[in-house]
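The following exercises concern a single protein chain. Each task is followed by a solution that proceeds step by step.

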Amino acid sequence: GVALAAGILLAFLLAPRLTAPLDRIAAGIRQIGEGRLDTRVEVQRGDEFGMLGRAVNEMAVALRERDALKGAVVRYMSQELADQILADQSAPTLRGARRQVTVLIVDIRNFTAMSAALAPEDVVAFLNRFFSCMIDAIFSQRGTLDKFLGDGCLAIFGAPIDDPEHQRMAVLAAQGMLRSVHELGVEMREQHGIELRIGIALHTGEAIVGNIGSELRMEYTAVGDTVNVASRLEVMNKEYCTEFLASEAVVRGAGEEFRFREVAEVTPRGAGRSLKIYTFAD
């Protein structure tokens with residue numbers, strides 16, 4: 001009887017230590033199941049309950065990263081590439097990483113004059129048509145849309161998944177953009193009497209890529225000197241009266257199927273050294 005009474009008393013005393021962590025873990029799993037992926041289970045113990053709590057937290061982090069990955073790939077990549085990434089269990093997350101990428105920047109040359117000459121609804125219709133052509137060119141060559149830049153956009157080739165042909169893909173995308181703009185330019189000239197011109201720049205180098213922003217708004221983007229140099233090369237199209245400029249690193253990696261001609265040797269701010277720039281050979 002004494003032993004039975006002691007057992008009952010011990011069970012009564014231990015029950016809260018057993019049920020309390022289980023209740024917290026169960027509540028956390030329910031919240032995660034409801035889509036609240038920022039849920040964390042607080043079980044600061046070194047036993048099996050602590051291990052279970054940490055496993056639940058790790059699951060929530062993984063689900064959140066997967067959710068962010070799905071949102072990014074669907075928004076910024078072609079459907080084919082998005083499906084490939086989401087189906088691959090070893091697909092990369094959107095955490096920050098240093099990668100060798102090729103950055104593409106395209107900009108409309110005379111947009112201010114164009115917008116002044118067109119009705120607002122025509123400006124919006126033109127931009128939608130223009131960006132549709134640019135995005136098609138990017139997605140068709142395995143590129144990732146980074147962001148819109150008002151009357152231009154920035155794309156990355158070689159991230160979030162490695163692409164050993166990222167220079168070649170970027171050059172092909174630039175060629176596709178130039179073809180589309182030529183066709184669109186004919187329409188603009190005939191319908192509105194406006195000459196459509198663009199500037200495209202490509203630069204290859206190391207960049208930090210990842211999902212950057214806040215809890216309310218995250219974007220997959222690239223940052224670093226490689227992006228800055230590409231931006232400055234794009235502006236140089238005005239100086240050299242070109243529609244396309246690529247750095248020597250792009251030309252070396254693109255392959256022999258393209259014909260380039262050297263334009264100049266320049267030292268863009270942020271490059272750290274002089275580099276040769278090229279355009280397409282006539």
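**Exercise 1. Exposure of two cysteines**

Classify Cys241 and Cys133 as buried or exposed, and state how many disulfides the structure holds.

Solution. The model is a predicted one.
1. The relative accessible area of Cys241 is 73%. Exposed means over 50%, so Cys241 is exposed.
2. For Cys133 the relative accessibility is 19%. Buried means under 20%, so Cys133 counts as buried.
3. The structure holds zero disulfides.

**Exercise 2. The chain as a whole**

Determine how many helices and strands the chain has, what share of its residues count as buried, and what area the chain exposes.

Solution.
1. The secondary structure comprises eight helices and eight strands.
2. The chain has 282 residues, of which 45% count as buried.
3. About 15300 Å² is exposed by the chain, and carbon and sulfur atoms supply 54% of this area.
4. Among contacts in the chain with a separation of 6 or more, 64% are accounted for by residues 24 or more positions apart.

**Exercise 3. The span of helix α5**

Compare the expected span of helix α5 with the distance between its end C-alpha atoms, and list its buried residues.

Solution.
1. Helix α5 covers residues 120-140, which makes 21 residues.
2. The expected span is 1.5 Å times one less than the number of residues, so α5 should span 30 Å.
3. The end C-alpha atoms of α5 are 30 Å apart, which agrees with the expected span.
4. The buried residues of α5 are Val123, Phe126, Leu127, Phe130, Phe131, Cys133, Met134, Ile135, Ala137, Ile138 and Phe139.
5. An α-helix has 3.6 residues a turn, so residues three or four places apart point the same way.

**Exercise 4. Nonpolar cores**

Identify the residues with the most contacts inside the largest nonpolar core, and find which residues Leu104 touches beyond four places in sequence.

Solution.
1. The largest nonpolar core has 46 residues, and Leu104 and Phe130 are those with the most contacts inside it.
2. Not counting residues up to four places away in sequence, Leu104 touches Cys153, Leu154, Ala155, Phe157, Ala170, Ala173, Ala174, Met177, Ile200, Ala201 and Leu202.
3. Another core, of 12 residues, lies apart from the largest one; among its members are Ile105, Leu154, Val227 and Ala230.

**Exercise 5. Backbone geometry in the loops**

Locate Arg142, Cys241 and Pro160 in the chain, and state the backbone angle given for each.

Solution.
1. Most residues other than glycine have a negative phi, and most peptide bonds are trans.
2. Arg142 lies in the loop between α5 and β2 (144-148). The phi of Arg142 is positive, near 65 degrees, and Arg142 is partly exposed at 38% relative accessible area.
3. Cys241 is placed in the loop between α7 (225-240) and β6 (244-247). Although Cys241 is not a glycine, its phi is positive, about 55 degrees.
4. Pro160 lies in the loop between β3 (152-157) and α6 (166-192). The peptide bond from Ala159 to Pro160 is cis, with omega near 10 degrees.

**Exercise 6. The surroundings of Leu149**

Establish where Leu149 lies and which residues Leu149 touches, not counting residues up to four places away in sequence.

Solution.
1. Leu149 is in the loop between β2 and β3.
2. With a relative accessible area of 36%, Leu149 is partly exposed.
3. Leu149 touches Ile105 and Leu154, residues up to four places away in sequence not being counted.
4. Leu149 and Val106 are 43 residues apart in sequence, and their C-alpha atoms are 8.9 Å apart in space.

Notes: Residues numbered from 1 in each chain as written. Predicted model: local features only at pLDDT ≥ 70, side-chain atom pairs only at ≥ 80, totals over all residues. Heavy atoms only, no water. Core = buried A, V, L, I, M, F, W, Y, C linked by side-chain atoms within 4.5 Å. Buried < 20%, exposed > 50% of the residue type's maximum accessible area, 1.4 Å probe, protein only. Contact = heavy atoms within 4.5 Å. Disulfide = S-S within 2.5 Å. Helix = DSSP H or I, 4+ residues; strand = E, 2+ residues; numbered from the N terminus. Areas by Shrake-Rupley, 256 points an atom, 1.4 Å probe, with all protein chains shown as cover.
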